[in-house]
Amino acid sequence: MIKTARLLLATSLLLPSLALGDTLSLPADARVEMALVDDLLLDADTPSRNDVVMRPVQGGKGSHHLPDYCVVTGDARREGQRIHITTHALTCIEAQGGESAIFTGELTAGAYDEDRDFGIAACQDGRCRLTPNDTFLLTLTRPLSVEQQANPSAEINERRRRHGEPAPEENAAGQ
């Protein structure tokens with residue numbers, strides 16, 4: 001089972017991105033409500049942090065929405081009494097029924113507070129802190145257009161179903 005999982009991961013990393021006709025797209029100036037995955041603390045000793053991970057808020061109050069299963073990565077830095085967050089990449093899995101689509105690409109956006117000013121007012125006494133319970137709006141500075149990626153795991157499972165072979169979960173349970 002572990003060898004199969006490693007093989008699937010290696011295969012997915014080596015395959016070129018294949019557009020399957022579906023595109024995840026949002027216009028420039030789209031606003032998506034987001035939250036951090038982990039706590040963020042910035043102070044005089046640590047004024048910035050790279051590779052901050054965010055997720056969309058389900059049913060968020062932005063003008064647009066991303067699929068529920070999404071992670072966005074970006075950088076955070078302390079600027080006066082605000083935390084400036086900018087993004088650089090996203091990976092989303094959109095599931096409908098038994099099918100899933102994978103989208104990975106660049107995302108250029110900045111975090112805005114409810115006051116619609118750039119950055120998030122989350123600083124007090126020289127420390128800036130955000131928790132996963134704090135939400136903010138990401139505003140895209142460029143349109144997002146990401147083609148659907150190949151899903152080798154789904155393709156392998158489909159071939160197995162057509163040929164009557166058990167799915168990987170069934171093999172693991174039988175061993």
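These are my notebook entries on strand pairing, salt bridges and one surface patch in a predicted model.

**Entry 1, strands around β6.** I began with strand β6, residues 82-96, and looked up its partners. Strand β5, residues 69-79, pairs with β6 in the antiparallel sense over 11 bridges, and within this pairing I found D75 standing opposite T86 of β6. The two strands form a hairpin with 2 residues between them, and G80 in that turn has a positive phi of about 65°.

I then turned to strand β7, residues 99-106, which pairs with β6 in the antiparallel sense over 8 bridges; here I93 stands opposite I102 in β7. β6 and β7 also form a hairpin with 2 residues between them, where G97 in the turn has a positive phi of about 65°.

A further partner of β6 is strand β9, residues 120-121, paired in the antiparallel sense over 2 bridges, and I noted A121 in β9 as the bridge partner of R82.

**Entry 2, salt bridges.** My search of the whole structure gave 4 salt bridges, and I followed up several of them, including the one made by R82.

R82 forms a salt bridge with D115, with the closest N and O atoms 3.0 Å apart. Because R82 lies in strand β6 and D115 in the loop between β8 and β9, this pair ties together parts that are 33 residues apart in sequence. I checked the accessibility of each partner: R82 is buried, because its relative accessible area of 17% falls under the 20% cut-off, whereas D115 at 42% counts as partly exposed.

The side chains of R129 and D39 meet in another salt bridge, at 3.0 Å from N to O. R129 belongs to strand β11 (residues 127-130) and D39 to the loop between β2 (31-36) and β3 (40-42), so parts 90 residues apart in sequence are tied together. R129 is partly exposed at 47% relative accessibility, and D39 is partly exposed at 38%.

I also looked up E114 and K61, which form a salt bridge whose closest N and O atoms are 3.0 Å apart. This pair links distant parts of the chain, with E114 in the loop between β8 (109-112) and β9 and K61 in the loop between β4 and β5, 53 residues apart. Both E114 and K61 are exposed.

**Entry 3, a nonpolar patch.** Lastly I looked at the surface, where V37, V53 and V71 make a nonpolar patch of about 190 Å². I placed V53 in strand β4, residues 48-56, and recorded V53 as partly exposed, with a relative accessible area of 32%.

Technical notes:
Residues are numbered from 1 along each chain as its sequence is written. This is a predicted model: local features need pLDDT of at least 70, side-chain atom pairs count only at pLDDT 80 or more; totals for chains, interfaces and linings use all residues. Side-chain values use heavy atoms; hydrogens and water are left out. Patches are made of residues with over 30% relative accessible area and no salt bridge: like charges are joined within 9 Å, nonpolar side chains (Val, Leu, Ile, Met, Phe, Trp, Tyr) within 5 Å. Accessible areas come from the Shrake-Rupley method with a 1.4 Å probe; for residues, only the protein chains shown count as cover. Helices (H or I, at least four residues) and strands (E, at least two) are DSSP runs, numbered from the N terminus. Buried means under 20% relative accessible area, exposed over 50%, partly exposed in between (1.4 Å probe, protein chains only). Two strands pair if DSSP finds at least two bridges between them.
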